[in-house]
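I opened a new notebook for this chain. I want to know where it has hollows, how its charges pair and what lies hidden inside.

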Amino acid sequence: MIKNIKVADITFQIRSDIDLIWNEYISQFFMSDKPDTFDACYDFYLVPELPKPTGDIIYHGQDQIIYRHESGEDRQHFFWMHDEPHMLYRETSKLKEIFYYKKYEHTLTNQYMIFNALAAEKLFLKKNAMILHSSFIIKDGKAILFTAPSGTGKSTQAELWKKYADAEIINGDRSLIQYRNGQWLACGMPICGSSKICLNKEAPISSIIYLEQGKDNLLTPILPAQAVRLLMSETTINFWNQHFVDQVIQLWSNFVSQIPVYYYSCTKEPDAVTTLSNVLRSEL
(Lines give C-alpha, C1' and ligand atoms only; values in the text may rest on other atoms or scores of the structure.)
Protein backbone atom coordinates (compact mmCIF):
# COMPACT_ATOMS: atom_id res chain seq x y z
CA MET A 1 0.00 0.00 0.00
CA ILE A 2 1.27 3.46 -0.94
CA LYS A 3 -0.22 6.78 0.15
CA ASN A 4 0.94 10.20 -1.04
CA ILE A 5 0.11 12.97 1.43
CA LYS A 6 0.34 16.75 1.24
CA VAL A 7 0.09 19.10 4.23
CA ALA A 8 0.39 22.78 3.26
CA ASP A 9 3.01 22.55 0.46
CA ILE A 10 4.88 19.67 2.13
CA THR A 11 4.66 16.26 0.50
CA PHE A 12 5.50 12.82 1.82
CA GLN A 13 4.93 9.23 0.85
CA ILE A 14 4.08 6.34 3.17
CA ARG A 15 4.72 2.82 1.90
CA SER A 16 3.44 -0.08 3.97
CA ASP A 17 3.45 -3.87 3.83
CA ILE A 18 -0.09 -3.87 5.29
CA ASP A 19 -3.29 -2.00 4.48
CA LEU A 20 -3.37 0.82 7.00
CA ILE A 21 -6.84 2.12 7.84
CA TRP A 22 -7.12 5.86 7.27
CA ASN A 23 -9.89 7.97 8.77
CA GLU A 24 -11.75 10.83 7.09
CA TYR A 25 -9.38 13.41 8.57
CA ILE A 26 -6.13 12.18 7.05
CA SER A 27 -7.81 11.10 3.80
CA GLN A 28 -8.51 14.79 3.03
CA PHE A 29 -4.76 15.24 2.64
CA PHE A 30 -4.21 12.39 0.16
CA MET A 31 -2.82 13.47 -3.18
CA SER A 32 -4.51 12.41 -6.41
CA ASP A 33 -1.37 13.06 -8.47
CA LYS A 34 2.11 11.81 -7.63
CA PRO A 35 4.75 14.57 -7.60
CA ASP A 36 8.16 14.07 -9.17
CA THR A 37 9.80 14.19 -5.75
CA PHE A 38 8.71 14.06 -2.10
CA ASP A 39 9.99 16.02 0.87
CA ALA A 40 10.19 12.69 2.73
CA CYS A 41 9.50 8.98 2.19
CA TYR A 42 8.55 6.53 4.93
CA ASP A 43 8.53 2.72 4.92
CA PHE A 44 6.09 1.29 7.47
CA TYR A 45 6.53 -2.28 8.74
CA LEU A 46 4.39 -4.36 11.07
CA VAL A 47 6.89 -6.65 12.82
CA PRO A 48 6.78 -9.51 15.36
CA GLU A 49 9.65 -7.90 17.25
CA LEU A 50 10.97 -4.35 17.20
CA PRO A 51 14.57 -3.73 16.12
CA LYS A 52 16.86 -2.49 18.83
CA PRO A 53 17.59 1.25 18.66
CA THR A 54 21.05 2.47 17.68
CA GLY A 55 23.01 5.49 18.83
CA ASP A 56 23.32 7.43 22.07
CA ILE A 57 20.37 8.47 24.19
CA ILE A 58 19.79 12.23 23.96
CA TYR A 59 16.29 12.38 25.46
CA HIS A 60 14.38 10.12 27.84
CA GLY A 61 10.73 11.04 28.34
CA GLN A 62 7.63 9.23 29.57
CA ASP A 63 6.39 8.35 26.08
CA GLN A 64 9.57 8.26 23.99
CA ILE A 65 13.31 7.74 24.08
CA ILE A 66 15.42 9.51 21.45
CA TYR A 67 18.76 8.17 20.18
CA ARG A 68 21.21 10.05 17.95
CA HIS A 69 23.40 8.29 15.38
CA GLU A 70 25.34 9.30 12.26
CA SER A 71 22.27 9.11 9.99
CA GLY A 72 19.95 11.03 12.31
CA GLU A 73 17.67 9.70 15.03
CA ASP A 74 15.98 6.58 16.32
CA ARG A 75 12.83 7.11 18.40
CA GLN A 76 11.26 4.50 20.65
CA HIS A 77 7.58 5.24 21.37
CA PHE A 78 5.73 4.04 24.46
CA PHE A 79 2.09 4.03 25.47
CA TRP A 80 1.39 5.94 28.67
CA MET A 81 2.60 4.00 31.74
CA HIS A 82 4.02 1.17 29.58
CA ASP A 83 7.63 -0.01 29.85
CA GLU A 84 7.51 -1.84 26.52
CA PRO A 85 7.86 0.22 23.30
CA HIS A 86 5.19 -0.26 20.65
CA MET A 87 7.00 1.52 17.81
CA LEU A 88 10.45 2.46 16.53
CA TYR A 89 11.11 5.35 14.12
CA ARG A 90 14.47 5.28 12.34
CA GLU A 91 16.22 7.73 10.04
CA THR A 92 18.59 6.28 7.46
CA SER A 93 20.72 8.01 4.85
CA LYS A 94 18.02 7.55 2.19
CA LEU A 95 14.63 7.35 3.89
CA LYS A 96 12.74 6.98 7.16
CA GLU A 97 11.54 3.66 8.57
CA ILE A 98 8.73 2.97 11.01
CA PHE A 99 8.52 -0.39 12.77
CA TYR A 100 5.27 -1.15 14.62
CA TYR A 101 5.05 -4.00 17.11
CA LYS A 102 2.45 -6.52 15.84
CA LYS A 103 1.31 -7.11 19.39
CA TYR A 104 -0.28 -3.66 19.29
CA GLU A 105 -1.68 -3.84 15.76
CA HIS A 106 -5.17 -3.08 17.08
CA THR A 107 -4.05 0.45 18.06
CA LEU A 108 -3.35 1.40 14.44
CA THR A 109 -6.96 2.56 14.13
CA ASN A 110 -5.79 5.54 16.16
CA GLN A 111 -4.51 7.85 13.41
CA TYR A 112 -2.52 9.91 15.87
CA MET A 113 -0.28 6.87 16.41
CA ILE A 114 0.65 6.80 12.74
CA PHE A 115 1.09 10.54 12.34
CA ASN A 116 3.11 10.77 15.56
CA ALA A 117 5.46 8.16 14.14
CA LEU A 118 6.50 10.42 11.26
CA ALA A 119 8.46 12.96 13.34
CA ALA A 120 6.64 15.41 11.08
CA GLU A 121 7.71 18.46 13.07
CA LYS A 122 11.25 17.95 11.70
CA LEU A 123 9.98 17.72 8.14
CA PHE A 124 7.77 20.79 8.54
CA LEU A 125 10.52 22.94 10.03
CA LYS A 126 12.63 22.44 6.91
CA LYS A 127 9.84 24.26 5.05
CA ASN A 128 9.55 27.12 7.58
CA ALA A 129 6.52 25.54 9.26
CA MET A 130 5.66 24.82 12.90
CA ILE A 131 2.87 22.90 14.63
CA LEU A 132 0.89 25.13 17.01
CA HIS A 133 -1.54 23.79 19.62
CA SER A 134 -4.50 25.95 18.66
CA SER A 135 -8.04 26.25 17.38
CA PHE A 136 -7.98 27.63 13.85
CA ILE A 137 -10.86 29.59 12.33
CA ILE A 138 -11.27 31.52 9.09
CA LYS A 139 -13.27 34.75 9.08
CA ASP A 140 -13.54 36.92 5.96
CA GLY A 141 -10.71 34.99 4.30
CA LYS A 142 -8.26 35.50 7.19
CA ALA A 143 -7.12 33.06 9.86
CA ILE A 144 -7.54 33.72 13.58
CA LEU A 145 -5.82 31.29 15.92
CA PHE A 146 -6.75 30.71 19.55
CA THR A 147 -3.92 29.18 21.56
CA ALA A 148 -3.44 28.34 25.25
CA PRO A 149 -2.85 25.29 27.46
CA SER A 150 -5.41 22.50 27.22
CA GLY A 151 -8.69 23.18 28.98
CA THR A 152 -8.53 26.97 28.68
CA GLY A 153 -11.34 27.30 26.14
CA LYS A 154 -9.83 27.36 22.64
CA SER A 155 -12.57 25.18 21.17
CA THR A 156 -15.24 27.15 23.05
CA GLN A 157 -14.12 30.44 21.51
CA ALA A 158 -13.94 28.86 18.06
CA GLU A 159 -17.50 27.57 18.43
CA LEU A 160 -18.70 31.00 19.57
CA TRP A 161 -17.17 32.57 16.46
CA LYS A 162 -18.85 29.94 14.29
CA LYS A 163 -22.25 30.59 15.88
CA TYR A 164 -22.18 34.36 16.24
CA ALA A 165 -19.73 35.58 13.58
CA ASP A 166 -20.25 33.03 10.79
CA ALA A 167 -16.61 31.89 10.99
CA GLU A 168 -15.47 28.50 9.71
CA ILE A 169 -13.61 26.21 12.08
CA ILE A 170 -10.72 24.54 10.25
CA ASN A 171 -9.18 22.59 13.13
CA GLY A 172 -10.11 22.42 16.80
CA ASP A 173 -6.71 21.44 18.17
CA ARG A 174 -3.74 21.89 15.81
CA SER A 175 -2.62 24.20 13.04
CA LEU A 176 0.49 24.42 10.90
CA ILE A 177 2.02 27.90 10.85
CA GLN A 178 4.12 28.43 7.72
CA TYR A 179 6.01 31.31 6.15
CA ARG A 180 5.58 30.89 2.41
CA ASN A 181 5.87 33.25 -0.54
CA GLY A 182 6.25 36.28 1.69
CA GLN A 183 3.28 35.70 3.97
CA TRP A 184 2.35 33.84 7.15
CA LEU A 185 -0.24 31.13 6.61
CA ALA A 186 -2.28 28.93 8.90
CA CYS A 187 -2.74 25.51 7.31
CA GLY A 188 -4.96 22.58 8.16
CA MET A 189 -3.50 19.52 9.88
CA PRO A 190 -4.62 15.87 9.54
CA ILE A 191 -4.92 15.47 13.33
CA CYS A 192 -7.34 17.35 15.54
CA GLY A 193 -7.27 15.89 19.04
CA SER A 194 -10.73 15.25 20.49
CA SER A 195 -12.31 18.17 18.63
CA LYS A 196 -13.24 16.05 15.56
CA ILE A 197 -12.94 19.19 13.43
CA CYS A 198 -10.35 18.92 10.69
CA LEU A 199 -10.39 20.54 7.25
CA ASN A 200 -7.68 20.79 4.61
CA LYS A 201 -7.74 24.57 4.15
CA GLU A 202 -5.32 27.44 4.64
CA ALA A 203 -5.49 31.23 4.97
CA PRO A 204 -3.26 34.23 5.71
CA ILE A 205 -3.03 34.87 9.45
CA SER A 206 -4.57 38.06 10.82
CA SER A 207 -3.72 37.46 14.49
CA ILE A 208 -3.03 34.92 17.22
CA ILE A 209 -5.00 35.14 20.46
CA TYR A 210 -3.52 33.70 23.65
CA LEU A 211 -6.49 32.86 25.88
CA GLU A 212 -7.23 32.87 29.56
CA GLN A 213 -10.62 32.36 31.17
CA GLY A 214 -11.90 35.52 32.83
CA LYS A 215 -14.99 37.22 34.26
CA ASP A 216 -14.70 40.11 31.78
CA ASN A 217 -13.38 40.47 28.24
CA LEU A 218 -10.00 42.20 28.23
CA LEU A 219 -7.73 42.18 25.17
CA THR A 220 -4.09 43.28 25.52
CA PRO A 221 -1.31 43.33 22.89
CA ILE A 222 1.67 41.20 23.89
CA LEU A 223 5.20 42.52 23.59
CA PRO A 224 7.32 40.57 21.08
CA ALA A 225 9.67 38.83 23.53
CA GLN A 226 6.79 37.65 25.71
CA ALA A 227 4.79 36.61 22.66
CA VAL A 228 7.64 34.39 21.47
CA ARG A 229 7.82 32.69 24.89
CA LEU A 230 4.07 32.05 24.99
CA LEU A 231 3.94 30.74 21.43
CA MET A 232 6.95 28.50 22.05
CA SER A 233 5.09 26.94 25.00
CA GLU A 234 2.32 25.75 22.65
CA THR A 235 4.56 24.69 19.76
CA THR A 236 5.77 21.14 19.04
CA ILE A 237 9.51 21.44 19.70
CA ASN A 238 12.40 18.95 19.85
CA PHE A 239 14.02 20.51 22.92
CA TRP A 240 16.87 17.99 22.79
CA ASN A 241 17.92 19.49 19.44
CA GLN A 242 19.38 22.99 19.94
CA HIS A 243 19.41 23.72 16.21
CA PHE A 244 15.69 22.90 16.06
CA VAL A 245 15.01 25.18 19.04
CA ASP A 246 17.01 28.03 17.51
CA GLN A 247 15.10 27.75 14.23
CA VAL A 248 11.74 27.88 16.00
CA ILE A 249 12.81 30.92 18.03
CA GLN A 250 13.88 32.68 14.83
CA LEU A 251 10.62 31.86 13.03
CA TRP A 252 8.45 33.06 15.90
CA SER A 253 10.60 36.18 16.30
CA ASN A 254 10.02 36.98 12.64
CA PHE A 255 6.32 36.21 13.02
CA VAL A 256 5.66 38.53 15.99
CA SER A 257 7.44 41.37 14.18
CA GLN A 258 4.79 41.16 11.43
CA ILE A 259 1.60 39.68 12.93
CA PRO A 260 -0.15 40.88 16.14
CA VAL A 261 -0.40 38.53 19.10
CA TYR A 262 -2.90 39.34 21.85
CA TYR A 263 -3.54 38.20 25.39
CA TYR A 264 -7.30 37.74 25.85
CA SER A 265 -8.91 37.18 29.22
CA CYS A 266 -12.50 36.42 28.29
CA THR A 267 -15.81 34.84 29.16
CA LYS A 268 -17.55 31.98 27.38
CA GLU A 269 -20.41 34.24 26.36
CA PRO A 270 -21.29 35.73 22.94
CA ASP A 271 -19.96 39.16 23.94
CA ALA A 272 -16.45 37.65 23.91
CA VAL A 273 -16.81 37.47 20.13
CA THR A 274 -18.08 41.05 19.86
CA THR A 275 -15.28 42.49 21.98
CA LEU A 276 -12.52 40.72 20.08
CA SER A 277 -14.08 41.35 16.68
CA ASN A 278 -14.38 45.10 17.33
CA VAL A 279 -10.73 45.40 18.34
CA LEU A 280 -9.43 43.33 15.44
CA ARG A 281 -11.56 45.26 12.97
CA SER A 282 -10.24 48.60 14.24
CA GLU A 283 -6.55 47.60 14.42
CA LEU A 284 -6.04 45.39 11.38
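These are my entries on pockets, strands, salt bridges, buried residues and cavities.

**Entry 1: the model**

I note at the start that this is a predicted model.

**Entry 2: the largest pocket**

I looked up the largest pocket first. Its volume is about 730 Å³. I found 29 residues in its lining, and those closest to the centre are Asp63, Gln64, Tyr112, Asn116 and Thr236. I then asked which elements give two or more residues to this lining. They are β6 (72-78), β7 (85-91), α2 (111-116), α3 (120-125) and β9 (129-139). Helix α2 gives the most, with four residues. I also sorted the lining by character: 15 residues are nonpolar, nine are polar and five are charged.

**Entry 3: strand β6 and its partners**

Since β6 helps to line the largest pocket, I followed this strand further. Is β6 mostly covered or mostly open? It is mostly covered, with seven of its seven residues buried.

I checked both pairings. Strand β5 (residues 64-69) runs antiparallel to β6, and six bridges join the two. I picked out Tyr67, which stands opposite Asp74 in β6. The hairpin of β5 and β6 has two residues between the strands.

β6 also pairs with β7, again in the antiparallel sense, over five bridges. Here Phe78 has Pro85 in β7 as its bridge partner. The hairpin of β6 and β7 has six residues between the strands, and Met81 there takes a positive phi near 70°.

**Entry 4: salt bridges**

I read off a total of 15 salt bridges in the structure. As a reminder to myself: side chains of opposite charge can pair when their charged atoms come close. I looked at three pairs.

The first pair is Arg75 with Glu73, whose closest N and O atoms are 3.0 Å apart. Both residues are buried.

The second pair is Asp140 with Lys139, with 4.0 Å between the closest N and O atoms. Asp140 counts as exposed because its relative accessibility is 69%, and exposed means over 50%. Lys139, at 24% relative accessibility, counts as partly exposed.

The third pair is Glu202 with Arg180, with the closest N and O atoms 3.0 Å apart. This pair links distant parts of the chain: Glu202 lies in strand β14 (residues 202-213) and Arg180 in strand β12 (residues 174-180), 22 residues apart. Why does Arg180 count as buried? Its relative accessibility is 16%, and buried means under 20%. Glu202 counts as partly exposed, at 38%. I traced this pair outward and found a network of salt bridges that links Asp9, Asp39, Lys127, Arg180 and Glu202.

**Entry 5: Ser134 in strand β9**

I went back to β9 and chose Ser134, which is found in this strand. Is Ser134 buried or exposed? Ser134 counts as buried, at 0% relative accessibility. I listed its contacts, leaving aside neighbours within four places in sequence. Among them are Leu145, Phe146, Thr147, Lys154 and Asn171. The list also includes Gly172, Asp173, Arg174 and Ser175.

**Entry 6: helix α5**

Next came helix α5 (residues 224-233), in which Ala227, Val228, Leu230, Leu231 and Met232 are buried. What covers these buried residues of α5? The cover includes β9, β10 (142-147), β14, α6 (242-256) and β16 (261-266).

**Entry 7: the cavities**

I closed with the cavities of 30 Å³ or more and counted two.

The largest cavity has a volume of about 40 Å³. Its lining is Thr152, Gly153, Gln157, Leu211, Glu212, Gln213, Cys266, Thr267 and Lys268. Strand β14 gives the most to this lining, with three residues. By character I noted two nonpolar, five polar and two charged residues.

The second largest cavity has a volume of about 30 Å³. Around it I found Glu121, Phe124, Leu125, Ala129, Met130, Ile131, Thr236, Phe244 and Val248. The elements that give two or more residues to this lining are α3, β9 and α6. The lining divides into seven nonpolar residues, one polar and one charged. I marked Thr236 in my notes, as a residue in the lining of this cavity and among those closest to the centre of the largest pocket.

Conventions. Residues are numbered from 1 along each chain as its sequence is written. This is a predicted model: local features need pLDDT of at least 70, side-chain atom pairs count only at pLDDT 80 or more; totals for chains, interfaces and linings use all residues. Side-chain values use heavy atoms; hydrogens and water are left out. On a 1 Å grid over the protein atoms alone, a cavity is a set of points where a 1.4 Å probe fits but cannot get out, and a pocket is an open set with protein on both sides within 12 Å along at least five of seven lines; lining residues have an atom within 4 Å of a point. Grid points are joined across faces, edges and corners, and a volume is the space filled by probe spheres set on the points. Ala, Val, Leu, Ile, Met, Phe, Trp, Tyr, Cys and Pro count as nonpolar, Asp, Glu, Lys and Arg as charged, and the others, Gly among them, as polar. A salt bridge is a side-chain nitrogen of Lys or Arg within 4 Å of a carboxyl oxygen of Asp or Glu. Buried means under 20% relative accessible area, exposed over 50%, partly exposed in between (1.4 Å probe, protein chains only). Two strands pair if DSSP finds at least two bridges between them. Contact means heavy atoms within 4.5 Å.
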